[in-house]
Amino acid sequence: PKTPHSSPMPDSSNSLILKFLKLNEGKTKQIFELVDEPGHVLVQSKDQITAGNAVRKDQMEGKAAIANRTTSCVFKLLQEAGIKTAFVRQQSETAFVAAHCEMIPIEWVCRRVATGSFLKRNPGVKEGYRFSPLKMEMFFKDDANNDPQWSEEQLLETKFSLAGLNIGRCEVDIMNRSTVAIFEVLERAWATQNCTLVDMKIEFGVNVHTKEIVLADVIDNDSWRLWPAGDRSQQKDKQVYRDLKEVTTEAMQMVKKNFEWVSERVKLLLEPKACGRVVVLMGSTSDLAHCEKIRKACGSYGIHCVLRVTSAHKGPDETLRIKAEYEGDGVPTVFVAVAGRSNGLGPVMSGNTAYPVINCPPITPDWGAQDIWSSLRMPSGLGCSTVLSPDAAAQFAAQIFGLSDHLVWSKLRASMLNTWVSLKQADKKLQACSL
């Protein structure tokens, strides 16, 4: 039941005073409904740290702020990639605002490396066994029975209905596929800090307003195992607290130091590791609309795109001067050649630069079938590819940059997920109409 909350007040420093009703309280956080923001809640972290279903329980001063910083950064990273989450904004040092969700009572666990409870449940598997593809498990949130492991069949047969959404095969598949994508995005991000994301647990909720399944709850240092340089002895996550033989002041200081280390490093995950650009060379401004589509698509991946006009047929010296301009500043560059009729631009660029060149000729209905051969049939020693769609040319450039920039890669990965989810939902809707 909703009850007006009494002291202590949620931390709303540096913000307007919020009116709220307490909805729920767990071991490490409290949830409040925001009266003045319908459809939103305040997630207030606590200074409590627990292990073994709260069999071990201690206060850790400052944990609320550390956890809130960590989870806010993680959700920002995932949202900027394009993953649907409940997160709205960081409200204060110890609280954030989220969309109001009805939580699906399942913990989804994704593993890259075998350790912990997996080894106990699977005797004979050695610690460090690497899962490729990722190992997926689910656990029903039931404190009284120590969160038993469930199968997909159990989840389907339970027939949960939350916020008006029935949890069936489509929804289970979406959560399963989303968990893998979320893990891979965070795994790649942590790799930039030479940290192995060993495993993690996440939860989903149904947004009460949109009826969509979204990543919800929190993702903080309680949610994963992190091993710097892949070395378990350097672990920085809550496992350090779980492994304590005795909880002393000194031991808790060590645990807190690890949590602080993670909250500082997680901020770095939002920073691009390599700054690249796409330079689109067009043979004529008559191709500008085609090139603007490439620029717009590059922007969706966070890639800077420059448009230039040059003709390899009519001014090869100027084409090579422009090429040298972008080779000379050390910024990783992909050239896209946009030339109709006879494409000399892409081949000339490819023959004179070690940077990637993509042909993206604007095909006209009259001579298009003939013109395309000037982009496809290259002399030996040239390596430019040909991509006809402006959007696909930008995507191909993004895939090149994604090899060294985890933020670009994460947008590509989230786009794959969202396309898959859209197809899954379209199929469900069509089946419902057919029935």
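Two strands count as paired here if DSSP finds at least two bridges between them. Keep that in mind as you go round this predicted model.

**Stop 1: a hairpin**

Select residues 195–207 and 213–216, which are strands β15 and β16. They pair in the antiparallel sense, with four bridges between them. To find the register, put Val206 on screen: across from Val206 sits Ile213 of β16. Now look at the turn. Five residues separate the two strands of this hairpin, and Lys211 has a positive phi near 65°. Then colour β16 by burial. Ile213 and Leu215 on one side are buried, and so are Val214 and Ala216 on the other, leaving both faces of the strand covered.

**Stop 2: the largest nonpolar core**

Next, show Ile167 and Trp224 as sticks. These are the residues with the most contacts inside the largest nonpolar core, a set of 65 residues. Add helix α4, residues 169–191, which supplies the largest share of this core with twelve residues. Stay on Trp224 and bring up its surroundings. Beyond the neighbours within four places in sequence, Trp224 touches Thr70, Val74, Leu186, Trp190, Leu197, Asp199, Met200, Ile219, Asp237 and Val262. There is also a second, separate core, made of 24 residues; Val280, Ile294, Ala297 and Ile358 are among them.

**Stop 3: two backbone spots**

Jump to Ser132 and Pro133. The peptide bond joining them is cis, with omega about 5°. Pro133 is part of strand β11, residues 130–140.

Then go to Ala163, in the loop between β13 (161–162) and β14 (165–166). Its phi is near 50°, which is positive even though the residue is not a glycine. Is Ala163 buried or exposed? With a relative accessible area of 10%, Ala163 is buried.

**Stop 4: the parallel sheet**

Select residues 276–423. UniProt, in an unreviewed entry, lists this stretch as "domain: PurE". The chain over these residues is 49% helix and 16% strand, and the C-alpha atoms at its ends are 32 Å apart.

Now pick out the open sheet of five strands, ordered β19-β18-β20-β21-β22 with parallel pairing. Which strands stand at the edges? They are β19 (304–309) and β22 (385–386); each has a single partner strand, so one side of each lacks a neighbour in the sheet.

Walk across the sheet from the β19 edge. Strand β18, residues 277–282, is joined to β19 by six bridges, and Leu281 has Arg308 as its bridge partner in β19. Turn on helix α8, residues 316–327: it packs on the sheet against β18, β19 and β20, and its direction makes about 160° with that of β19.

Moving on, β18 and β20 run parallel and share six bridges. For a marker, Met282 stands opposite Val338 of β20. From there, β20 and β21 are parallel too, joined by three bridges, with Phe335 across from Val357 in β21. Follow the chain from β20 through helix α9 (residues 345–352) to β21, and you trace a right-handed β-α-β crossover.

**Stop 5: strand β20 and its cover**

Zoom in on β20. Why is this strand largely enclosed by the rest of the structure? Six of its six residues are buried, so the surroundings largely close it in. One side carries Thr333, Phe335 and Ala337, the other Val334, Val336 and Val338, and both faces are covered.

For another helix on this sheet, select α12, residues 390–402. It lies across β18, β20, β21 (357–359) and β22, and runs at about 165° to β20.

**Stop 6: helix α9 and the loop before it**

Finish at α9. Its buried residues are Leu345, Gly346, Pro347, Met349 and Ser350. They pack against β18, α8, β20, β21 and α11 (373–376).

Step back into the loop between β20 and α9 to find Arg341. Arg341 is not a glycine, yet its phi is positive at about 55°. At 71% relative accessibility, Arg341 counts as exposed.

Definitions and conventions:
Residues are numbered from 1 along each chain as its sequence is written. This is a predicted model: local features need pLDDT of at least 70, side-chain atom pairs count only at pLDDT 80 or more; totals for chains, interfaces and linings use all residues. Side-chain values use heavy atoms; hydrogens and water are left out. Contact means heavy atoms within 4.5 Å. Axes are lines fitted to C-alpha atoms, for helices over the stretch in contact, and angles run from 0 to 180 degrees between N-to-C directions. Buried means under 20% relative accessible area, exposed over 50%, partly exposed in between (1.4 Å probe, protein chains only). A crossover is right-handed if, with the strands pointing away from the viewer, the path from the first strand over the helix to the second runs clockwise. UniProt positions are given in the numbering used here, feature names are shortened, and annotations may be inferred rather than shown by experiment. A nonpolar core is a set of buried Ala, Val, Leu, Ile, Met, Phe, Trp, Tyr and Cys residues joined through side-chain atoms within 4.5 Å.
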